[in-house]
Amino acid sequence: MKNRELAAKQINRFFQIMSQQMKLEDSVAMEIADLYPDWKTGKVYNVDEVVKYGINADNETQLYRVIQAHTSQKGWEPNIATSLFKAVGFDESGTAIWTQPVGTVDAYQTDDIVTHKGETWISIVDNNVWEPGVYGWEKTT
């Protein structure tokens, strides 16, 4: 039994390494969310690494993409440290779920489409950091 458990752990780690190396599109990454490593304190994270932390509104594993290299520490959890991590997510139709941009690094551009609070929105300005419904967005039909 121990050999099977060890083999399963090694296979899972192999898939974790491969998923990081492949730099999958967010929609594909969400399909294999549970294969990504858990976020941990005291670990060096590089830009574009993906980790899992908590669950999203649909009770599914939530992924976060590292947007600034750092060594993690308590209080810098992905759902709190928005200058270090960006939540990854799509609704059932494949449309990105709006997340608050950190700044121009990840701001929405004209014609970007997102869902927010049950509505679908399209950005009508470049470098859009505003919440849909506040400024720079129009509802789609």
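These exercises with worked solutions explore a predicted model.

**Exercise 1. The sheet**

Task: Work out in what order the three strands of the open sheet lie, and which strands stand at the edges.

Solution:
- Step 1. Read the order. The three strands run β2-β3-β5.
- Step 2. Check the direction. The pairing is antiparallel.
- Step 3. Find the edges. β2 (50–55) and β5 (85–88) each have a single partner strand, so one side of each lacks a neighbour in the sheet.
- Step 4. Look at the turn. With direction ignored, neighbouring strands of this sheet are turned by 40° against each other on average.

**Exercise 2. One pair of strands**

Task: Find how many bridges join β2 to β3, and which residue of β3 stands opposite Val 50.

Solution:
- Step 1. Count the bridges. Four of them join β2 to β3.
- Step 2. Note the direction. These two strands run antiparallel.
- Step 3. Pick out the partner. Arg 65 in β3 stands opposite Val 50.

**Exercise 3. Thr 61**

Task: Decide whether Thr 61 is buried or exposed. Then find its contacts.

Solution:
- Step 1. Place the residue. Thr 61 belongs to strand β3, which covers residues 61–66.
- Step 2. Apply the cut-off. Buried means under 20% relative accessible area. Thr 61 has 16% relative accessibility, so it counts as buried.
- Step 3. Find the polar contact. The side chains of Thr 61 and Asp 34 make one, at 2.3 Å.
- Step 4. List the contacts beyond four places in sequence. Thr 61 is in contact with Met 30, Ala 33, Asp 34, Lys 52, Gly 54 and Asn 56.

**Exercise 4. Pro 37**

Task: Locate Pro 37. Is Pro 37 buried or exposed?

Solution:
- Step 1. Find the place. Pro 37 sits in the loop between α2 and β1 (44–45).
- Step 2. Use the 20% cut-off again. The relative accessible area of Pro 37 is 18%, so this residue is buried.
- Step 3. Look along the chain. Arg 13 is 24 residues away from Pro 37, yet their C-alpha atoms are separated by 8.3 Å.
- Step 4. List what Pro 37 touches, leaving out residues up to four places away. These are Gln 16, Gln 20, Val 50, Val 51 and Lys 52.

**Exercise 5. The largest pocket**

Task: Find how much space lies in the largest pocket and which element gives the largest share of its lining.

Solution:
- Step 1. Take the volume. The space is about 430 Å³.
- Step 2. Turn to the lining. It has 22 residues; Asp 26, Arg 65, Lys 86, Ala 87 and Val 88 lie nearest the pocket's centre.
- Step 3. Name the elements. α2 (26–31), β3, β5 and β6 (96–97) give two or more residues each to this lining.
- Step 4. Choose the largest share. It comes from β5, with three residues.

How values were computed: Residues are numbered from 1 along each chain as its sequence is written. This is a predicted model: local features need pLDDT of at least 70, side-chain atom pairs count only at pLDDT 80 or more; totals for chains, interfaces and linings use all residues. Side-chain values use heavy atoms; hydrogens and water are left out. Helices (H or I, at least four residues) and strands (E, at least two) are DSSP runs, numbered from the N terminus. Buried means under 20% relative accessible area, exposed over 50%, partly exposed in between (1.4 Å probe, protein chains only). A polar contact is a pair of N or O atoms within 3.5 Å; within protein, one must be able to donate a hydrogen and the other to accept it, and residues adjacent in sequence count only if both atoms are side-chain atoms. Contact means heavy atoms within 4.5 Å. Two strands pair if DSSP finds at least two bridges between them. Axes are lines fitted to C-alpha atoms, for helices over the stretch in contact, and angles run from 0 to 180 degrees between N-to-C directions. On a 1 Å grid over the protein atoms alone, a cavity is a set of points where a 1.4 Å probe fits but cannot get out, and a pocket is an open set with protein on both sides within 12 Å along at least five of seven lines; lining residues have an atom within 4 Å of a point. Grid points are joined across faces, edges and corners, and a volume is the space filled by probe spheres set on the points.
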